Amino acid sequence: MERGRLSVMPKLPNTLKTASQLTPKQRRFVDLYVENYGKPGFSKAQCVRDAGYNPKRDNGAAEIGSRLLNPDLNPHVVRYFEKRMNKEIDFYEKNKLRSYKQYERMREGAIDKSQYNAAINAEKSIGQMAGFFVNRTEVKHSSLEGMSREQLEKRLGELERKIGEHKEIIDITPQAVNSESN
């Protein structure tokens, strides 16, 4: 390397890059997107802008966000996104105690403010999470696939009674055909 000149490393193909080779903007975009995932008002485009990208067109931020999470274009960014998202999923799925405590705090706050309906709803949610309350649903089958043999026989009997005197409409009795050779 000569003095005063910067040596520029050749650009690695996207397939060879690792998550450790993310640019600061790429890392910030993924971190923002995962942290705000599912919140109203946050989108890929908003996270792109917040990460420091300056799109040239009106729709540019959405395009940049889509390109960043495209596995064919940026597999290293997608790998980092998946790793961060899996950590987030593990945290929320494995830590039910956190959810119980959150509902308990909401219930206590509602009771302190004499908001008993909200307190009851929070308590009900705690009970549902614990499995104390079971929502039962009765499904009636209108198609034949879901019926048992007894149900099918009963339904066929009902249909035969409804047809009753109109059985002649559909007459499938075979008739002998005389074939005479000419």
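This is a short tour of the core and the aromatic rings in a predicted model.

Start with the nonpolar core. Select Phe 29, Val 30, Val 48, Tyr 53, Leu 68 and Phe 81: these have the most contacts inside the largest nonpolar core, which has 19 residues. Now colour the helices α1 (24-35), α2 (44-51), α3 (60-68) and α4 (75-94), since each of them supplies at least two residues of this core. Helix α1 gives the most, with 5 residues. As background, nonpolar side chains in soluble globular proteins tend to be buried together.

Next, click on Val 30. Beyond its neighbours within four places in sequence, Val 30 is in contact with Val 77, Tyr 80, Phe 81 and Arg 84.

Now for the rings. The model holds 3 aromatic pairs. Select Phe 29 and Tyr 33: their ring centres are 5.9 Å apart and their planes are at 5°, so this pair is stacked. Both residues lie in helix α1, 4 residues apart, or about one turn of the helix.

Keep Tyr 33 and add Phe 81. Here the ring centres are 5.8 Å apart with the planes at 35°, so the pair is tilted. This pair links distant parts of the chain, with Tyr 33 in helix α1 and Phe 81 in helix α4, 48 residues apart. Tyr 33 counts as buried because its relative accessibility is 14%, and Phe 81 counts as buried at 17%. Add Tyr 37 to see one aromatic cluster formed by Phe 29, Tyr 33, Tyr 37 and Phe 81.

Finish with two charged residues. The charged end of Lys 25 sits over the ring of Tyr 53, 5.4 Å from its centre. Arg 27 lies over the face of Tyr 80, 4.8 Å from the ring centre.

Conventions:
Residues numbered from 1 in each chain as written. Predicted model: local features only at pLDDT ≥ 70, side-chain atom pairs only at ≥ 80, totals over all residues. Heavy atoms only, no water. Core = buried A, V, L, I, M, F, W, Y, C linked by side-chain atoms within 4.5 Å. Buried < 20%, exposed > 50% of the residue type's maximum accessible area, 1.4 Å probe, protein only. Contact = heavy atoms within 4.5 Å. Phe/Tyr/Trp six-rings, centres within 6.5 Å; stacked < 30°, edge-to-face > 60°. Lys NZ or Arg CZ within 6 Å of the ring centre and 35° of its normal.
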